[in-house]
Amino acid sequence: MTEYENAIEIKGVTKRYDDFTLDNISFDVPKGCIMGFIGQNGAGKTTTIRSLLHITDINSGEIRLLGLDHIKDETAIKKRIAVVFDELPFHDMFNARDMARIFEGMYPEWDNSIYTQYLERFQLPAKKKIGQFSKGMKMKLQIACALSHNAELLVMDEATTGLDPVVRDEILHIFQEYLQNGERSVLMSSHITSDLEKIADMVTFIDRGKILLSGCKDDILEKHGILKCDKEKIAEIDAADIVSIRTNNFGAEVMVHDCENASCKYRDCVIDPASLDDIMLYYVYRDKKEWS
Amino acid sequence: MKLYKSLVYRELKLSRKYYVLIGMMLLFLAVSLMLVLILPSAESISTDEEAVLPLDLVSIGIGIIGGFMGVRDGGNYSMDVKTGWARTVYALPVTGKQMACATLMQRLISLSGAAVIIIAYAIAFRAATGLSVFIQLISVFLICAGAGLILDAVYGAVVRMFRDKRQQKKMIVAGNAAVIAIFILIEKVVSLVFKPSVDVTKVLKFVNSPVFAVIAIVFFAASALLYFVAISKSYERREP
C-alpha cells in the first residue's frame, strides 16, 4: 500500500464544457482530514468530483488519490475509496441484503458484520425493498454501504441535501466517528455550510469553476470578518481589503479578508465574525463589489 | 470469481421477471405444438417429411423466439441509467471488461435456460414424429441468439451513451431506432437469400445439416465476442 500525505491532490485541473469551465483548479485534501467543498449550485463541485472519480475525462491537469494516479491506478484506488451521491443509485427492487451481496464481491475488504451493524444502527430493514424507503433511509443505506469496506477516502457529493436536520446531524456524527483513527479522509461537497461548519477541518470555496479559497476552516473564519459602517465610510476603506460590500437602508456591511489588519486600520468600525455562509455569499458577489 | 458472482447476481435479479416470462412463453409454445402432435385428433397427421413440413417450420419459430428473446436485456440498461447506477459504476472498483464479461455471462445463463426448453422440445418432437429437428432448432437458436446479442450490444451502447435522466427520452428513441434499423437490415438480407422461388424443403435440409450447425456456432461465437467488445467499450467510455 502506498504512503501518502494528501488523500486528494488536484493540480491545475481544467474541464471544459460548452457553457461551463472548471478553470485550472488546484487544492489538496490532507490525510485524516474532513474537507468541506463549498459553492453555490452550478459552481463546479460536482464537475470536480466527477473529474477526480474519472467519471468524466479532464482536459488538463493532474489528479492523485491516495498517492496514486486517478486514471492509471483507477481500480486500485476505487477499492480503497467510497462515494456517496446526492441520490441513491440503487434499483428500487433491491433490498439492503441484495446490496451486500453485490458489494461484497467488488470490495476485498467488505465486512458484512460492519454493514449489519450500520443497518441496525440506522434501523434499516434488511428485507424491505429500497423503493419503499424514505429519502433519509435511502441516504443512510448509501452511507452504510460506503462505510462497510474500510474505505480510506470518502467522497460525498451533496450527500446531506434534502435531509431533515435530525438525520443530517446523525449522519455527520457517524462521519466524525469514522474519521477517529486519523487514517481516513473525507471530501464533502455541500452548499449547506452549517453542516461543514460543524465537522470540517478544512474548506475549499469554488465559484464559477474557480477556486476562491482553500485552507484550514478556523483560519479562514478567523481572517474574514464583516465590517459594519455607514455608507459614507465605504469610500475610506481600502479597496484591497474588501471582498464585497452589502448595502442596506441602515448602512453597509463590508467583508474584509484580513480581520486583524482591518481592525487596526478602521478602529471606529465594528467587525463581526463571519460564518462560512457569509464568506460564500460575499465572495460570490466579489465582481459586483457592491450589492444589496 | 467472487466479483463475477456479485455482478451476475445483480443482473439476474434485475431481469428475472423478464426471463421467467420468456421461459413461460417458450414452454407454452413448445407444449402447444406437442399437443398438436400427440392429441388423438391429430392422428391423421402423417409422419412423412412432406406432411410434417409445416410443423417443422413452426418448430423453428421456437428457436427464433428463444434465441432473440433469451439475450435481450429485459430493461436493465435503461433502468441503470434511470437510477444513476450507470454513472455510479465508475466509482466502483470494476473495469469495463469485467462489467461486459458479467453481462455476457448473464446472457449465456439465460440462453442456456432457453436451450434446455428447446432441446426438450426437440427430443419430444422426435419421439412423436420420428424426425429429428435437433440440429436445425439449435442452429437457428444460435443464429438468432447471435443476432440478438448484436442488437443488444447496439441498444446497450446507445442507451449507455446517455447517462443522464434528462436524456432518457432521447436515449429510448435512439436505442429503439437502432434496433429497428438492424431488424430492417436483417429482413432485407433474409428476403434476398430466401426468394419465393427457393425450395423450402431444400432450405430446411440445409438448415438441418452439420454445415449449417458449424456456421451457426461460428456466428454465435463471433457475435458473443463482438458483444463483449462493444459493451466493454461502452463501459470504458467516459462522459464527455
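**Where chain A meets chain B**

Chain A and chain B bury about 2,600 Å² between them, and 62% of that area lies on carbon and sulfur atoms. In chain A, the residues that lose the most area to chain B are Ile55(A), His91(A) and Met106(A), which together make up 24% of what that side buries. Keep in mind as you look around that this is a predicted model.

**Who touches whom**
- The contact involves 30 residues of chain A and 26 residues of chain B.
- The rule finds 2 salt bridges across the interface of chain A and chain B.
- Glu74(A) forms a salt bridge with Arg238(B), and their closest N and O atoms are 3.1 Å apart.
- Between the two chains, 10 residue pairs are in polar contact, with both residues at pLDDT 80 or more.

**The side of chain A that touches chain B**
- Helix H2 (74-79) and helix H3 (96-106) of chain A are the elements that give two or more residues to this side.
- H3(A) provides the largest share, with 8 residues.
- By residue type, this side of chain A divides into 15 nonpolar, 10 charged and 5 polar residues.

**A helix to find in chain B**
- Helix H6 of chain B covers residues 134-161, which is 28 residues.
- At 1.5 Å a residue, H6(B) should span 40 Å, and its end C-alpha atoms are indeed 40 Å apart, so the expected span and the model agree.
- Of the 28 residues of H6(B), 20 are buried, so this helix is largely enclosed by the rest of the structure.

How values were computed: Residues are numbered from 1 along each chain as its sequence is written. Chains are lettered from A and ligands numbered from 1 in the order in which they are written. This is a predicted model: local features need pLDDT of at least 70, side-chain atom pairs count only at pLDDT 80 or more; totals for chains, interfaces and linings use all residues. Side-chain values use heavy atoms; hydrogens and water are left out. Contact means heavy atoms within 4.5 Å. Buried area is the accessible area (1.4 Å probe) that two parts lose on being put together, summed over both. A salt bridge is a side-chain nitrogen of Lys or Arg within 4 Å of a carboxyl oxygen of Asp or Glu. A polar contact is a pair of N or O atoms within 3.5 Å; within protein, one must be able to donate a hydrogen and the other to accept it, and residues adjacent in sequence count only if both atoms are side-chain atoms. Helices (H or I, at least four residues) and strands (E, at least two) are DSSP runs, numbered from the N terminus. Ala, Val, Leu, Ile, Met, Phe, Trp, Tyr, Cys and Pro count as nonpolar, Asp, Glu, Lys and Arg as charged, and the others, Gly among them, as polar. The expected span of a helix is 1.5 Å times one less than its number of residues. Buried means under 20% relative accessible area, exposed over 50%, partly exposed in between (1.4 Å probe, protein chains only).
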